[in-house]
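Trainee: I've got a model open and I'd like to learn how to read it piece by piece. Can you walk me through it?

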Amino acid sequence: MVNFTILAGGYSTFIATYLFNSDAGTLSLVSQSPTGQNPSWIDLHPTNKSILYATNENTDGALQSFFVKQDGSLTPAVGQTSSGGNGPAFAVPLSTGEVAVMNFGSGNGLIIPTEEDPLQFTEGAPLISFPAAVSHPHMALEVGSEVFVPDLGADTIWRLAQDGAPGQYKIHGRIDQPQGSGPRHIVVRGDQLYTVHELSSTLTQQTIPSLSSSPSSPSSSSPAPLVANFSIIPPGLPAGASMAAGEILLAEASTAAGNAGSNFTQPFLYVSNRNVGVPDPRGDAIAVFAVEPQLRFVKHVFTGLDQIRGMELSGVSGVSGGSGGEENEFLVAAGVAGDAGVVVLRRTQGGADLEVVATNKEVPTRSSFVWLD
């Protein structure tokens, strides 16, 4: 028997803890830990998996920290600080000891330092405002010494660099995206940038321009032609369906790829669709893409879920060893509408396909996940 503990945030006042038994194919709701209102996005500290950060996606946004107990439940919030704006839809801890939080509603964000105890936040970081007529920053990703911020409203990806003391960052460039596409989330692989666009329901690939070719003025664009541009919309949608892309995940080839026992010898991307119109009886689809030797669409996998916002691979948030850990064998996903609950899918065919192996409907909707040891 192999058990995995999964934490799930959502639009509620709690973070749910699930236990996934990969042998039995069961997903059990273990506990619901109280939080602030709408802990929609959660993430683990990069080196201490007993520390969890959660946004409170409200008009007066906040960021909270929690200690994860041995049974997967959470203590009451240990630290709390303002996000500096409206609707923090995303937060991520950085390797620097800071936590980036982006306010979708007010078009700004903070990169908040933490104390020696990373559960405690340092106040006073200056607000980062994005110089666009309409700005909806939806994510932050640490890329080397930079932080990339895809802006769904401005159709660009801002490039931030530290500018002095911890928490002080400046915009020192941008990578423009197709007009009206709405870049939502990104992954980076080497010098390649993969972006899922909410408004156009597309996946694009670009080569990241060097800093020397990135302009000093944030109002100027960086030359980064599209290497690839794919629609992720599934076929056979019902009349009245309205698609809006959600999440993107990268599963690299297994670190055990040279071993005879490895199932995953090639990298794949998994991109979620969200149907915000007339529901499809098949539910939302996850689009699977092969990465090498070039980006290539493989197939759509229908999940039965309604409006997939969050999904996460096992092994990304600290699970390693055993079945499903370092090989990213499993993917957990949920919708933010309907009552389909949470599903766990197994990667099959070397990662080219997915199959649902466990479902739990006790909590009807969830929006983000982390996997624990």
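Mentor: Let's start with a strand pair. In this predicted model, strand E14 (residues 156-162) runs antiparallel to strand E15 (residues 169-176), and 7 bridges link the two.

Trainee: In which strand is the bridge partner of alanine 161, and which residue is it?

Mentor: The partner is lysine 170, in E15. Follow the chain from E14 to E15 and you trace a hairpin with 6 residues in between. Look at glycine 164 in that turn: its phi is positive, at about 115 degrees.

Trainee: How many residues of E15 are buried?

Mentor: Here you count residues under 20% relative accessible area. For E15 that gives 6 of 8, so the strand is mostly covered.

Trainee: Where else can I practise on a hairpin?

Mentor: Go to the N-terminal end. E1 connects to E2 by a hairpin of 4 residues. Strand E2 covers residues 14-21, and its antiparallel pairing with E1 has 6 bridges. As a landmark, find alanine 8, which faces alanine 16 of E2.

Trainee: What other strand is joined to E1 by bridges?

Mentor: Strand E28 (residues 368-372), again antiparallel, with 5 bridges. Isoleucine 6 sits across from tryptophan 371 of E28.

Trainee: Why is E1 described as largely enclosed by the rest of the structure?

Mentor: It comes from the burial count: strand E1 spans residues 3-9, and 6 of those 7 residues are buried, so the rest of the structure largely encloses it.

Trainee: How do I read side-chain direction along a strand?

Mentor: The general idea is that side chains in a regular strand alternate between the two faces of the sheet. For a sheet to look at, take the open one built from 4 strands, ordered E8-E9-E10-E11 with antiparallel pairing. Its edges are strand E8 (88-93) and strand E11 (128-129), each of which pairs on one side only.

Trainee: How many bridges hold the pairing of E9 and E10?

Mentor: There are 6 bridges between strand E9 (residues 98-103) and strand E10 (residues 108-113), in the antiparallel sense. Valine 101 has leucine 110 in E10 as its bridge partner.

Trainee: Let's pick one residue in there. Is valine 99 buried or exposed?

Mentor: Valine 99 belongs to strand E9, and it counts as buried because its relative accessibility is 1%. Leaving aside residues up to four places away in sequence, its contacts include Tyr53, Leu63, Leu110, Ile112 and Phe121. Also check glycine 167: it is 68 residues from valine 99 in sequence, yet the C-alpha atoms are 8.8 Å apart.

Trainee: What should I check in the backbone torsions?

Mentor: Look for positive phi in residues other than glycine. Asparagine 38 is one case, with phi near 60 degrees. You'll find asparagine 38 in the loop from strand E3 (26-34) to strand E4 (42-44).

Trainee: Why does asparagine 38 count as buried?

Mentor: Because its relative accessible area is 13%, and the cut-off for buried is under 20%. Now try serine 201, where phi is near 50 degrees, also a positive value in a residue other than glycine. Serine 201 lies in the loop between strand E17 (192-197) and strand E18 (202-207), and it is buried at a relative accessible area of 1%.

Trainee: And omega? Which residues does the cis peptide bond join?

Mentor: Glutamate 292 and proline 293, with omega about 0 degrees. Proline 293 is in the loop between strand E22 (285-290) and strand E23 (296-302).

Trainee: Let's zoom out. How many helices and strands does the protein chain have?

Mentor: There are 0 helices and 28 strands. For overall dimensions, the C-alpha atoms fit a box of roughly 55 × 45 × 45 Å along the principal axes. The radius of gyration is 19 Å, which agrees with the value near 21 Å for a compact globule of 373 residues. Buried residues account for 59% of the chain.

Trainee: What about long-range contacts and charges?

Mentor: Of the contacts between residues at least 6 apart in sequence, 51% connect residues at least 24 apart. As for charges, count 16 positive and 33 negative side chains, with the centres of the two sets 6 Å apart. The accessible surface is about 13,800 Å², and carbon and sulfur atoms supply 49% of that.

Technical notes:
Residues numbered from 1 in each chain as written. Predicted model: local features only at pLDDT ≥ 70, side-chain atom pairs only at ≥ 80, totals over all residues. Heavy atoms only, no water. Rg over C-alpha atoms; globule rule 2.2 N^0.38 Å. Buried < 20%, exposed > 50% of the residue type's maximum accessible area, 1.4 Å probe, protein only. Contact = heavy atoms within 4.5 Å. Areas by Shrake-Rupley, 256 points an atom, 1.4 Å probe, with all protein chains shown as cover. Lys, Arg positive; Asp, Glu negative; His and termini not counted. Charge placed at Lys NZ, Arg CZ, Asp CG, Glu CD. Pairing = 2+ DSSP bridges.
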